[in-house]
Amino acid sequence: MKSFAIWCCLCLLPALLTAQTQVGLAPKKSMDALRITDKIKIDGVLDESIWSQAAAVEGFVHRWPTPGKPATERTVVRVLYDDNAIYVGAYCYDRNPDSIFHRITKRDELENTDLFSVIFDTYRDGQNALQFGVTPDNVQFDSKFSLANANADNGNADGEDPAWDAVWTSSARITADGWVAELKIPYAALRFPKKQVQQWSVNFERVVKRRNETDTWNEVKAEMTGSLNQMGILNGITNIKAPIRLSATPFVAAYANNTYNQTDGPRSTWSFPYSFGMDIKYGLNEAFTLDATIIPDFGQVRSDRNVLNLSPFEVRFQENRPFFTEGTELFNKGGLFYSRRVGANQQLLNATKISGRTKKGLGVGIFNAVAAAEYEENSEGLREQVAPLTNNSILVLDQNLPNNSSLTFISTNVLRSGSALDANVSGLLFSLKNKAQRYALSGKAVMSNRIGSVEETERGFTASLDVSKTSGNFLWGASTNIESDRYNPNDLGFLYSPNEISGLVWVNYNRYKPWWKLNNFWVSTWHWQGGLYKPFAEWTERLFGFNFGGNTKSFHNFGTNINYAPWGERDYFEPRTFDFKHYYHVPAYANFRAWYNSDNRKKLIYYANGGVRVFNETGRKSTSLYTGLRWRVSDKFTVGLEIGNEEAWNNVGGIGDGLLETAQGYNEISENDIIMGRRRINGFDNSVNATYAFTPTMNITVYSRHYWQKVRYSQFYKLGDDGQLIECPYTGQDNTLAGLHNVSANYFNIDLVYTWRFAPGSDLLIVYKNGIGHIDEARASERNYFYNVGHLPDYSGSNNFSVKLLYFLDYASVKKKR
C-alpha cells in the first residue's frame, strides 16, 4: 500500500497547486413567455401575428468548438403558451441556406444534420431536464436528462437518455435566409410544480453541422461539469394546470417462427403464436406518473451480441427493451439495477413504474415486475418447474439538496415462490457539491442479503468514497472502494466479482479552447491498486496509466491509453475455485490502445480502435483491432460496415470442472489439482448495417453480424501455491490426439425492421430475424474462418417473421374530440 500512497501524493501535487483557479457560472439570461388564446397552426411558417408580439431572444454563443465565442449565425427564439401546451418558434438564419446540412433519418438517430432544440428544467433543480429538438427536415429528437445517470468519463456529464420518448408535434422548413423550427409541446409531455406562477430553467441549442458548431442561448462553460446548472430562466407562465395525463397504447403482434437444420427431432418446424397487451401511462398528480406494461411483447428488439465466453464471469448484455430503457434514471442510481434480470428466461406478466418528485425535491421511484413460473418436461416425461414465480421490486427515495447535491436511499427486492432464494439489496448514496460547483464528494454504503435456508443465507456489503475537483482546466480526484467476499447483488443487479479493496487517484488537464492545430485536448495520469477484502489487503494488481486525446481543427478525433502493471496480477478468479485461496500470477504486462474517428461531416467517415498487450513472458501477447466506415449514400440512405479482429498468443485460462475423463493423463492428476491451459485464441466480429428513410416517420433498417472465435489448447499445467504453472501429465487429447478442449463458436444474426409512425405515438412494425448459433468442439473446431462462413446455411438456426401494431390513445385528445 506504500506505493499507492506515494503515487497519490505525486498525482495530487500539481492539482493542489492549481486548485485556486476560479471558474464561475455565466450570468443567467431570462425571457418571458406570452399567453395566447388564438389557435396556432404548426406548419413551420410562424406567420400568425401573435408570434411577432412575443419577446424575442437571440445572442447565442458557442458551446463548441470555441466556448464563449459569439455564434456565426443568428438565431431568434420566441415562446408562447396556452392552457394546453407550450410553443417554441425559432428562426435559424443562415447566410448560405443552400449549404444547410439536412438528412431524413430515424427519429432520435440524427446524422450529419443541423438541429434546433429546447431544454426545460421545470423544477429548476439543476438535476433533471427534458429536451425537444427538430431538424430542418422535421426529424424529431427528444431526450431526458438526469444526473442520476451522469457519467462524465463517457462524455455524458448530464446523464442524457435519448431512449426517452414523448408525444408532441413539430414542423420545420428551409427558407431563403435559413430555416424555421416550430414546436408544440403539450403539458402532458411535461411535469411541473402545482403553483400559480411558474419559473422554469430553459436553454436553447442550435447545431450548425457544416461547421461542427454547437451554440446555446445561455452560455455553457466547458470548464464546468455538466450543463443543467448553466441554463437561463423562463418567466411569464401563469395559471396553467397539468392535464389528466392518461394514455394507453394497446398492441397486437403476430409471428411466424421457423427452426431449421435441427440435430434432434424434426429438421424443420413452424409455429404461429400471437400476443396482445397494453402499455399505460397515468399522471397520478402534477409530479408523479405511473407507467405500466401488461403482458408485454419485446420480440421486435435487436438481437443480442452473443460471444464465446472464456472468462470466469457472466457476460453483460445491453438492454434493448423500451420499457426498461425509458424513464429508469431513478432506479439506475448506485448501479444496483440490471434490468436484464427481469423476465430472464421467464414470461414477463406485467411491470409497473411510479416516479416523480415533490415540491420539496424528494424524488420517489417504485418499480415492480412479475414473471411467471416456467416448466419443462424432464427425461421421464414429467413436468417440472425450472423457474419459480418471481416478483422484482425497487424503492428509491432521492432528496435534492442545495448546490445540485443529493441524498438517495435505494432498495431492490426479489421474492420467489416456494423454497427458492429471496434477496434484498439496500443502500444509501450521497453526492455533495460546493456552491461554486468546483468540488464534489460522493459515496455509498450498500448491504446485500440473500435469504434461504441457514446454509444458503448470505450477507455482504460494499462501500465507496470519491472526492474530486470538477471544474477548471486542471481536474483531480481520488476514490476508494470495498466489497466484502459475500457481497452479491446479482439477483437484480450485476457484479462481475466481489471481495475487493481498490483505490484510484488521477489528475487531468483539459484544454477547452483551440490551441495549435487542435480544437481541444486532454491529458491525464492515474494509478489504480486493487487487493482482496479477505484475506485483507492481499494485493492483486497495481496499474499506472497515461491517457491523451483531442480533436483537431479539421474535426478528426483521436486518443491513446497506456497502462503498465509492473508486478503483474494475482488473478484469484481464473483458477475458478472461487475460494480466494488460489491465484494465477499473470506476469508483468503493458497495454497500449489508440482510437481515431474521421470528420463526421463527410459523406464517408471511417474509424479505428485497436490495441496491443505485451507480457514479460516469451511469446505471449494479445491484439485487437476494430475498424469501420459509414457511407451516407444520399440524404435518405446510409450504409455502415465494421470489421473486428482479436488475437491472443499463449493466453492462459482455467479449466475449472471441465476436465475430461477421456483425455490422456486424466488418471494421473488428483481431484485437488487446479489445471490451467495455455491456448491460442483468434476470431472475427464483423457487422454491416443500412438505413433508408422514406420520410421522417417511415424507415427500414437492416443489421447483420457474424461472430467467430476459435480456441486451441497447446499445453496444460498444474497451478502451484505461488501462482506459477507446473507441468503436468494431463494433455487434453484423446487417443487420436484430437484437442478435446478446443472449441470454435459461430453466431450469426440478421435484424430487418420496417417502422412506420402513422400517427403520433402509433407505430406499425414489420420485422424479420434470422439467428444461428453453432459450436464446434475437438477435431471439428480446427476448421478455419472461411469454412465456417461458407457453411452457415448448414447450421441449425431460426427464422422469425412478425408484425406488430401499436396505437396511441390519449385521454385528453379523445375527450376533446367527443
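Student: Is C728 buried or exposed?
Tutor: This is a predicted model, in which local features need pLDDT of at least 70 and side-chain atom pairs count only at pLDDT 80 or more, while totals for chains, interfaces and linings use all residues. Residues are numbered from 1 along each chain as its sequence is written, and side-chain values use heavy atoms, with hydrogens and water left out. A residue is called buried under 20% relative accessible area, exposed over 50% and partly exposed in between, as computed with a 1.4 Å probe and protein chains only. The relative accessible area of C728 is 15%, so C728 is buried.

Student: How many disulfides does the structure hold?
Tutor: A disulfide is a covalent bond between the sulfur atoms of two cysteines. In the model it is recognised as a pair of cysteine sulfur atoms within 2.5 Å. By that criterion, the number of disulfides in the structure is zero.

Student: What is the relative accessible area of C92?
Tutor: C92 is another cysteine that can be placed on the accessibility scale, and C92 counts as buried. Its relative accessible area is 0%.

Student: How many helices and strands are there in the chain?
Tutor: Helices (H or I, at least four residues) and strands (E, at least two) are DSSP runs, numbered from the N terminus. Counted in this way, the chain has five helices and 45 strands.

Student: What is the radius of gyration of the chain?
Tutor: The radius of gyration is taken over C-alpha atoms, and the globule rule used for comparison is 2.2 Å times the number of residues to the power 0.38. For 818 residues the rule gives 28 Å, and the value for the chain is close to this, so the chain is as compact as a globular protein of that length. The C-alpha trace spans about 90 × 70 × 55 Å along its principal axes, and the radius of gyration is 29 Å.

Student: What share of the contacts in the chain with a separation of 6 or more do residues 24 or more positions apart account for?
Tutor: Contact means heavy atoms within 4.5 Å. Among contacts with a separation of 6 or more, the share from residues 24 or more positions apart is 64%.

Student: Which residues have the most contacts inside the largest nonpolar core?
Tutor: A nonpolar core is a set of buried Ala, Val, Leu, Ile, Met, Phe, Trp, Tyr and Cys residues joined through side-chain atoms within 4.5 Å. The largest has 38 residues, and the strands that each supply at least two of them include β5 (85-93), β6 (115-121) and β12 (197-208). Apart from it lies another core, of 22 residues, among them L330, F331, V342 and I394. In the largest core, the residues with the most contacts are I86, F116, F120, F132, L190, F204 and L234.

Student: Which residues is S687 in contact with, leaving aside its neighbours within four places in sequence?
Tutor: S687 belongs to strand β39 (residues 675-695), and with a relative accessible area of 10% S687 is buried. With its neighbours within four places left aside, the residues in contact with S687 are G640, L641, E642, Y703, S704 and R705.

Student: How many residues apart in sequence are the parts that the pair of Y768 and F801 ties together?
Tutor: Rings of Phe, Tyr and Trp (its six-membered ring) pair if their centres lie within 6.5 Å, and planes under 30 degrees apart count as stacked, over 60 as edge-to-face and the rest as tilted. The structure holds 43 aromatic pairs, and that of Y768 and F801 is tilted, with 4.9 Å centre to centre and 35° between the planes. Because Y768 lies in strand β43 (residues 762-777) and F801 in strand β44 (residues 797-806), the parts tied together are apart in sequence by 33 residues.

Student: Over the ring of which residue does the charged end of R542 sit?
Tutor: A charge sits over a ring if NZ of Lys or CZ of Arg is within 6 Å of the ring centre and within 35 degrees of the ring normal. K621 lies over the face of W649, at 5.1 Å from the ring centre. For R542, the charged end is 5.3 Å from the centre of the ring of W567.

Student: Where does Q437, which has a positive phi although it is not a glycine, lie?
Tutor: Most residues other than glycine have a negative phi, and most peptide bonds are trans. Phi of Q437 is about 60°, and at 8% relative accessibility Q437 counts as buried. Q437 lies in the loop between β25 (422-433) and β26 (439-451).
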